[in-house]
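Subject: Structure for you to look at

Dear colleague,

I am passing on the structure below, and I would be grateful if you could keep it open while you read the notes that come after it.

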Amino acid sequence: MNVRVVIVDDHPLARVRLKDLLNDISDITCVGEAKDGETAIELIRTLQPDLAFLDIQIPGLSGLEVLRQSNPRPLAVFTTAYNQHAVRAFELHALDYLLKPFGAQRLRDAVERARSLLRLEQRDSQFERAELALSRTGPLVRVFVRQRGQILPVSLVQVEHLEARGDYVALWQGTRSHLLRARLSELCVRLDPATFFRIHRSHVINLDRVKAFSPYDASRLQVELETGKKVVASRSRSVKLRQRLTL
(Lines give C-alpha, C1' and ligand atoms only; values in the text may rest on other atoms or scores of the structure.)
Protein backbone atom coordinates (compact mmCIF):
# COMPACT_ATOMS: atom_id res chain seq x y z
CA MET A 1 0.00 0.00 0.00
CA ASN A 2 1.13 3.55 -0.70
CA VAL A 3 1.93 5.65 2.38
CA ARG A 4 1.55 9.43 2.15
CA VAL A 5 4.03 11.28 4.38
CA VAL A 6 4.90 14.82 5.41
CA ILE A 7 8.28 15.95 6.73
CA VAL A 8 8.57 18.62 9.43
CA ASP A 9 12.09 19.88 10.11
CA ASP A 10 13.58 23.38 10.16
CA HIS A 11 16.88 22.23 8.64
CA PRO A 12 16.73 22.00 4.81
CA LEU A 13 19.58 19.48 4.64
CA ALA A 14 17.79 17.22 7.15
CA ARG A 15 14.65 17.30 5.01
CA VAL A 16 16.64 16.50 1.88
CA ARG A 17 18.42 13.57 3.55
CA LEU A 18 15.15 12.14 4.87
CA LYS A 19 13.50 12.43 1.46
CA ASP A 20 16.45 10.68 -0.14
CA LEU A 21 16.15 7.80 2.33
CA LEU A 22 12.40 7.59 1.79
CA ASN A 23 12.86 7.52 -1.98
CA ASP A 24 14.63 4.19 -1.56
CA ILE A 25 11.53 2.68 0.09
CA SER A 26 8.80 1.49 -2.24
CA ASP A 27 5.26 2.94 -2.15
CA ILE A 28 6.15 6.08 -0.20
CA THR A 29 4.95 9.48 -1.39
CA CYS A 30 6.16 12.68 0.26
CA VAL A 31 3.20 15.05 -0.12
CA GLY A 32 4.50 18.05 1.81
CA GLU A 33 7.15 19.69 3.97
CA ALA A 34 7.12 22.27 6.75
CA LYS A 35 9.86 24.06 8.68
CA ASP A 36 7.84 25.43 11.63
CA GLY A 37 5.05 24.29 13.92
CA GLU A 38 2.18 26.45 12.70
CA THR A 39 2.81 25.57 9.06
CA ALA A 40 3.04 21.89 10.00
CA ILE A 41 -0.39 21.88 11.68
CA GLU A 42 -1.99 23.51 8.63
CA LEU A 43 -0.15 21.12 6.31
CA ILE A 44 -1.41 18.08 8.22
CA ARG A 45 -4.95 19.47 8.40
CA THR A 46 -5.02 20.14 4.65
CA LEU A 47 -3.20 17.09 3.31
CA GLN A 48 -4.23 14.52 5.96
CA PRO A 49 -1.11 12.36 5.50
CA ASP A 50 -0.84 8.79 6.74
CA LEU A 51 2.50 9.40 8.44
CA ALA A 52 4.36 12.47 9.70
CA PHE A 53 8.08 12.69 10.39
CA LEU A 54 8.47 15.39 13.04
CA ASP A 55 11.58 17.06 14.38
CA ILE A 56 10.96 18.21 17.95
CA GLN A 57 12.88 21.48 18.20
CA ILE A 58 11.40 23.61 15.44
CA PRO A 59 10.37 27.29 15.36
CA GLY A 60 7.02 28.15 16.87
CA LEU A 61 5.29 25.09 18.25
CA SER A 62 7.44 22.07 19.02
CA GLY A 63 6.98 18.82 17.13
CA LEU A 64 5.27 17.44 20.23
CA GLU A 65 2.75 20.29 20.18
CA VAL A 66 2.21 19.82 16.46
CA LEU A 67 1.17 16.22 17.04
CA ARG A 68 -0.95 17.11 20.07
CA GLN A 69 -2.88 19.80 18.17
CA SER A 70 -3.20 18.05 14.81
CA ASN A 71 -6.68 17.03 13.75
CA PRO A 72 -6.87 14.51 12.24
CA ARG A 73 -3.77 13.11 13.90
CA PRO A 74 -1.51 11.03 11.63
CA LEU A 75 0.82 8.29 12.71
CA ALA A 76 3.98 10.03 13.85
CA VAL A 77 7.69 9.28 13.90
CA PHE A 78 9.84 11.80 15.76
CA THR A 79 13.28 12.52 14.32
CA THR A 80 15.56 14.38 16.71
CA ALA A 81 19.08 14.63 18.08
CA TYR A 82 17.79 14.70 21.68
CA ASN A 83 16.64 11.65 23.63
CA GLN A 84 15.09 13.47 26.60
CA HIS A 85 11.74 13.91 24.84
CA ALA A 86 11.11 10.22 24.23
CA VAL A 87 8.74 9.69 27.16
CA ARG A 88 6.53 12.62 26.16
CA ALA A 89 6.56 11.43 22.56
CA PHE A 90 5.29 7.98 23.44
CA GLU A 91 2.67 9.47 25.78
CA LEU A 92 1.30 11.00 22.57
CA HIS A 93 1.28 7.50 21.04
CA ALA A 94 4.20 8.19 18.71
CA LEU A 95 4.92 5.26 16.43
CA ASP A 96 8.71 5.61 16.77
CA TYR A 97 11.47 7.91 17.98
CA LEU A 98 14.54 8.11 15.73
CA LEU A 99 17.72 9.67 17.08
CA LYS A 100 19.74 11.57 14.51
CA PRO A 101 21.78 10.46 12.72
CA PHE A 102 19.72 7.34 11.97
CA GLY A 103 20.36 4.88 9.19
CA ALA A 104 18.34 3.61 6.26
CA GLN A 105 17.37 0.34 7.94
CA ARG A 106 16.14 2.07 11.09
CA LEU A 107 13.95 4.30 8.96
CA ARG A 108 12.72 1.37 6.89
CA ASP A 109 11.68 -0.47 10.07
CA ALA A 110 9.65 2.54 11.22
CA VAL A 111 7.92 2.83 7.84
CA GLU A 112 7.04 -0.86 7.81
CA ARG A 113 5.53 -0.56 11.29
CA ALA A 114 3.42 2.32 10.02
CA ARG A 115 2.38 0.35 6.97
CA SER A 116 1.26 -2.59 9.13
CA LEU A 117 -0.81 -0.31 11.38
CA LEU A 118 -2.39 1.43 8.40
CA ARG A 119 -3.46 -1.92 6.97
CA LEU A 120 -5.11 -2.77 10.29
CA GLU A 121 -6.81 0.61 10.40
CA GLN A 122 -8.25 -0.01 6.94
CA ARG A 123 -9.65 -3.29 8.21
CA ASP A 124 -10.96 -1.50 11.31
CA SER A 125 -12.71 1.02 9.10
CA GLN A 126 -14.44 -1.75 7.19
CA PHE A 127 -15.69 -3.25 10.46
CA GLU A 128 -16.75 0.18 11.74
CA ARG A 129 -18.74 0.88 8.57
CA ALA A 130 -20.47 -2.47 8.88
CA GLU A 131 -21.16 -1.84 12.56
CA LEU A 132 -22.58 1.60 11.80
CA ALA A 133 -24.85 0.14 9.14
CA LEU A 134 -26.14 -2.47 11.56
CA SER A 135 -26.71 -0.05 14.43
CA ARG A 136 -28.26 3.00 12.80
CA THR A 137 -31.56 2.41 14.60
CA GLY A 138 -30.10 1.84 18.05
CA PRO A 139 -27.11 2.24 20.35
CA LEU A 140 -23.75 0.67 19.67
CA VAL A 141 -23.68 -2.90 20.98
CA ARG A 142 -20.14 -3.96 20.08
CA VAL A 143 -16.87 -2.50 18.92
CA PHE A 144 -13.83 -4.00 17.22
CA VAL A 145 -10.35 -3.75 18.70
CA ARG A 146 -6.87 -4.70 17.53
CA GLN A 147 -4.97 -7.32 19.50
CA ARG A 148 -1.77 -8.99 18.36
CA GLY A 149 -2.48 -8.48 14.70
CA GLN A 150 -6.11 -9.59 14.92
CA ILE A 151 -9.43 -7.73 14.95
CA LEU A 152 -11.57 -8.85 17.88
CA PRO A 153 -15.23 -8.02 18.63
CA VAL A 154 -15.97 -6.71 22.12
CA SER A 155 -19.56 -6.86 23.35
CA LEU A 156 -20.30 -3.67 25.27
CA VAL A 157 -22.69 -5.39 27.69
CA GLN A 158 -19.61 -7.21 29.02
CA VAL A 159 -17.66 -3.99 29.53
CA GLU A 160 -17.58 -2.89 33.17
CA HIS A 161 -16.28 0.61 32.54
CA LEU A 162 -14.56 2.73 29.92
CA GLU A 163 -11.52 4.90 30.59
CA ALA A 164 -10.16 7.74 28.43
CA ARG A 165 -6.50 7.50 27.43
CA GLY A 166 -5.81 10.35 25.05
CA ASP A 167 -6.87 9.30 21.56
CA TYR A 168 -7.77 5.84 22.86
CA VAL A 169 -10.40 4.33 25.16
CA ALA A 170 -9.64 1.42 27.48
CA LEU A 171 -12.57 -1.00 27.61
CA TRP A 172 -12.42 -2.95 30.87
CA GLN A 173 -13.83 -6.48 30.99
CA GLY A 174 -13.10 -7.64 34.50
CA THR A 175 -9.35 -7.21 35.01
CA ARG A 176 -8.62 -7.22 31.25
CA SER A 177 -8.67 -4.15 29.06
CA HIS A 178 -8.80 -3.55 25.31
CA LEU A 179 -7.66 -0.34 23.63
CA LEU A 180 -9.99 1.23 21.08
CA ARG A 181 -8.70 4.06 18.92
CA ALA A 182 -11.36 6.67 19.62
CA ARG A 183 -11.97 9.57 21.97
CA LEU A 184 -14.29 8.89 24.90
CA SER A 185 -16.48 11.87 24.02
CA GLU A 186 -17.00 10.46 20.51
CA LEU A 187 -17.86 7.03 21.82
CA CYS A 188 -20.29 8.31 24.46
CA VAL A 189 -22.78 9.54 21.87
CA ARG A 190 -23.07 5.97 20.55
CA LEU A 191 -23.54 4.27 23.95
CA ASP A 192 -26.91 3.21 25.36
CA PRO A 193 -27.81 5.92 27.93
CA ALA A 194 -29.96 3.41 29.81
CA THR A 195 -26.88 1.33 30.54
CA PHE A 196 -23.84 3.62 30.44
CA PHE A 197 -23.30 6.73 32.54
CA ARG A 198 -20.37 9.14 32.35
CA ILE A 199 -19.27 9.83 35.92
CA HIS A 200 -16.12 11.75 35.10
CA ARG A 201 -14.48 13.30 32.02
CA SER A 202 -12.27 10.19 31.93
CA HIS A 203 -14.66 7.45 33.06
CA VAL A 204 -17.94 5.88 31.93
CA ILE A 205 -19.52 3.09 33.97
CA ASN A 206 -21.86 0.27 33.00
CA LEU A 207 -24.72 0.62 35.49
CA ASP A 208 -25.45 -3.09 35.18
CA ARG A 209 -21.92 -3.83 36.46
CA VAL A 210 -22.08 -1.68 39.59
CA LYS A 211 -21.82 -3.37 42.98
CA ALA A 212 -22.55 -0.33 45.14
CA PHE A 213 -22.72 3.46 45.31
CA SER A 214 -21.48 5.26 48.42
CA PRO A 215 -20.63 8.82 49.53
CA TYR A 216 -16.97 9.71 48.97
CA ASP A 217 -17.15 13.14 50.56
CA ALA A 218 -19.78 15.83 51.05
CA SER A 219 -20.36 16.32 47.33
CA ARG A 220 -19.04 13.27 45.46
CA LEU A 221 -20.17 9.68 45.05
CA GLN A 222 -17.93 6.64 44.81
CA VAL A 223 -18.83 3.79 42.50
CA GLU A 224 -17.72 0.26 43.34
CA LEU A 225 -17.76 -2.05 40.33
CA GLU A 226 -18.21 -5.82 40.24
CA THR A 227 -14.47 -6.41 40.16
CA GLY A 228 -14.02 -4.33 43.31
CA LYS A 229 -12.53 -1.37 41.47
CA LYS A 230 -13.66 1.98 42.88
CA VAL A 231 -14.07 5.14 40.81
CA VAL A 232 -15.03 8.57 42.19
CA ALA A 233 -17.53 10.62 40.24
CA SER A 234 -16.86 14.31 39.68
CA ARG A 235 -18.93 16.79 41.65
CA SER A 236 -21.12 17.79 38.71
CA ARG A 237 -21.62 14.20 37.59
CA SER A 238 -22.35 13.13 41.17
CA VAL A 239 -25.29 15.53 41.16
CA LYS A 240 -26.62 14.01 37.94
CA LEU A 241 -25.95 10.50 39.22
CA ARG A 242 -27.97 11.18 42.39
CA GLN A 243 -30.78 12.47 40.17
CA ARG A 244 -30.53 9.36 38.05
CA LEU A 245 -30.64 7.13 41.13
CA THR A 246 -33.25 9.37 42.83
CA LEU A 247 -31.00 9.67 45.89
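The notes below deal with one helix and then with one sheet.

This is a predicted model, in which local features need pLDDT of at least 70 and side-chain atom pairs count only at pLDDT 80 or more, while totals for chains, interfaces and linings use all residues. Residues are numbered from 1 along each chain as its sequence is written, and side-chain values use heavy atoms, with hydrogens and water left out.

Helices (H or I, at least four residues) and strands (E, at least two) are DSSP runs, numbered from the N terminus. In helix H2, which spans residues 37-47, the buried residues (under 20% relative accessible area, 1.4 Å probe, protein chains only) are Gly37, Ala40, Ile41, Leu43 and Ile44. Seen down the axis of H2, these residues fall within an arc of 160 degrees, so they line one face of the helix; the arc is that of the directions from the helix axis to the C-beta atoms. Among the elements that cover them are strands S1 (3-8), S2 (28-34) and S3 (51-54), together with helix H3 (63-69), where contact means heavy atoms within 4.5 Å.

At the N-terminal end of H2, aspartate 36 acts as a cap, with a side-chain oxygen 3.3 Å from the backbone nitrogen of glutamate 38. After H2 comes glutamine 48, which has a positive phi, near 45 degrees.

The sheet is open and antiparallel, with five strands in the order S10-S9-S8-S12-S11, and two strands pair if DSSP finds at least two bridges between them. Its edge strands, S10 (176-180) and S11 (196-200), each pair on one side only.

With kind regards

How values were computed
Buried means under 20% relative accessible area, exposed over 50%, partly exposed in between (1.4 Å probe, protein chains only). A polar contact is a pair of N or O atoms within 3.5 Å; within protein, one must be able to donate a hydrogen and the other to accept it, and residues adjacent in sequence count only if both atoms are side-chain atoms.
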